[in-house]
Amino acid sequence: MITLISNIKELIQVEDSPKKMVSGKEMKTLPTIKNAFLLIENDIIKDFGNMKDFNNISVDNVVDASGRTVLPTWCDSHTHIVYAGNREQEFIDRINGLSYAEIAYNGGGILNSAKKLQTISEDNLYKQSAKRIEEIMQLGTGAVEIKSGYGLTKDAELKMLRVIKKLNNNYPITIKATFLGAHALPFEFKNNKSGYLDFVINEILPVVAKENLAEFIDVFCETGYFSVEDTERLLKAGEKFGLIPKIHVNQFTTIGGVQIGVKYNALSVDHLEEMRAEDIEVLKSSNTMPVALPSCSYFLGIPYTPARKIIDAGLPLALATDYNPGSTPSGNMNFVVSTACIKMKLTPEEAINAATINGAYAMGLEKTHGSICRGKKANFILTKKIPSYGFIPYSFGNHQINQVYIEGVKI
Ligand code: NIG
Ligand code: FE
């Protein structure tokens, strides 16, 4: 089945051959074609170009995109979408003055979500999570990474990962799974962190690998959670099973997480609200993508990742939501792109690059996602009638999406 999208006001993020990522000054450039066409065959982009160069071939479908912009769907490289219930009460507690750290210390936070997840049935967990997947597809996300880490027991971690796999099988959105067994220390191991790490490494990890339930491994490398040494142990163990690191670092404190990520060739280091000069420096000689999560900063009222410093140092940057019940109960990439412009001073071009091609790289999907390129997945957003692509971040708190196509399917 061949579909022609014709008379596109502006076709955004076009490329003739897939690039890996965009870095530094390059991020200010967003290649576009005005008055364009886009031709898709089944789930793949077949061709694109200027309307005047379109050779009249017979097609099954024509969508007239007059006045509309077309851009690749968002690539959300960091989420915790599979979770049970919510943490509304903690939201109220924070409004009333408790800090995120105080709530976690009193048994709330990640352990609160783990308690809920351990008792929920796999079916119910699937249903709750599927709703969120449907919601983010409507909001223009075409590829997403999802982490485990709210299970913290063998059964519950595997339950989460099986739900992630089932979601990937049942929806057109591409889903990448990450094993985050070391997200928090379960109550039973309160005084025995190394015992918990042994358990994760010897009991859960081999099953995750054997059943092919995750491609990536994550650790919450943070003061009060897992140290740099703990992180190194886990990444080493993951490496033996071929799991690639994508880790939580520098959210509240700088303890050397970026360095350990780079040492183990992490695909990405995520959060980075706190950055020292040496953290930026070490990324320069790596293939590791720095990932900022501005909705998390917004919701928790913590500093924003110093994105300007990162990009101005010549580095790439990706943007993701961090969708989770505690620090970011939102999977809206449109809001992330706006917030990156408003609070982190990215230009619209930089923010769109960060949320498309660089997000794809941060999931190992840059060959198939993240741009309008012949042979890549037919994943794109058709906007409402807007004056220019800059209107997408400008109209914050809203979205400009008219239709979303994922793998050639209208959502
Ligand atoms: O990325 N920081 C660690 N993990 C999640 C939040 C966990 C939670 O509060 O449930 C994050 O922000
Ligand atoms: Fe996270």
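Three exercises with worked solutions follow, on a predicted model of a protein with a ligand.

**Exercise 1.** Determine how the overall extent of the protein relates to the globule rule.

*Solution.* Start with the secondary structure: the protein has 15 helices and 16 strands. Next, take the radius of gyration, which is 21 Å. For 411 residues the globule rule gives 22 Å, and the two values are close, so the protein is as compact as a globular protein of that length. Finally, consider the box along the principal axes: the C-alpha atoms fill roughly 70 × 45 × 45 Å.

**Exercise 2.** Describe the shell of residues around ligand 1.

*Solution.* First, count the surrounding residues: there are 15, and the closest are Arg87, Tyr100, Tyr150, Gln251 and Ser327. Then sort the shell by residue class. Nine of its residues are polar, four are nonpolar and two are charged.

**Exercise 3.** Which side chains place an N or O atom by an oxygen atom of ligand 1, and is the ligand buried or exposed?

*Solution.* Apply the cut-off for a polar contact, a pair of N or O atoms within 3.5 Å. The side chain of Tyr100 has such an atom 2.4 Å from a ligand oxygen. For Tyr150, a polar side-chain atom lies 2.6 Å from an oxygen of ligand 1. In the case of His248, the distance from a side-chain N or O atom to a ligand oxygen is 2.9 Å. Now turn to the area: ligand 1 taken alone exposes 330 Å², and the protein buries 100% of that. As a last step, locate the site: ligand 1 sits in the largest cavity.

Notes: Residues are numbered from 1 along each chain as its sequence is written. Chains are lettered from A and ligands numbered from 1 in the order in which they are written. This is a predicted model: local features need pLDDT of at least 70, side-chain atom pairs count only at pLDDT 80 or more; totals for chains, interfaces and linings use all residues. Side-chain values use heavy atoms; hydrogens and water are left out. A residue is near a molecule or strand if one of its heavy atoms lies within 4 Å of it. A polar contact is a pair of N or O atoms within 3.5 Å; within protein, one must be able to donate a hydrogen and the other to accept it, and residues adjacent in sequence count only if both atoms are side-chain atoms. Accessible areas come from the Shrake-Rupley method with a 1.4 Å probe; for residues, only the protein chains shown count as cover. On a 1 Å grid over the protein atoms alone, a cavity is a set of points where a 1.4 Å probe fits but cannot get out, and a pocket is an open set with protein on both sides within 12 Å along at least five of seven lines; lining residues have an atom within 4 Å of a point. A molecule sits in a cavity or pocket if more than half of its atoms lie within 2 Å of its grid points. Ala, Val, Leu, Ile, Met, Phe, Trp, Tyr, Cys and Pro count as nonpolar, Asp, Glu, Lys and Arg as charged, and the others, Gly among them, as polar. Helices (H or I, at least four residues) and strands (E, at least two) are DSSP runs, numbered from the N terminus. The radius of gyration is taken over C-alpha atoms; the globule rule is 2.2 Å times the number of residues to the power 0.38.
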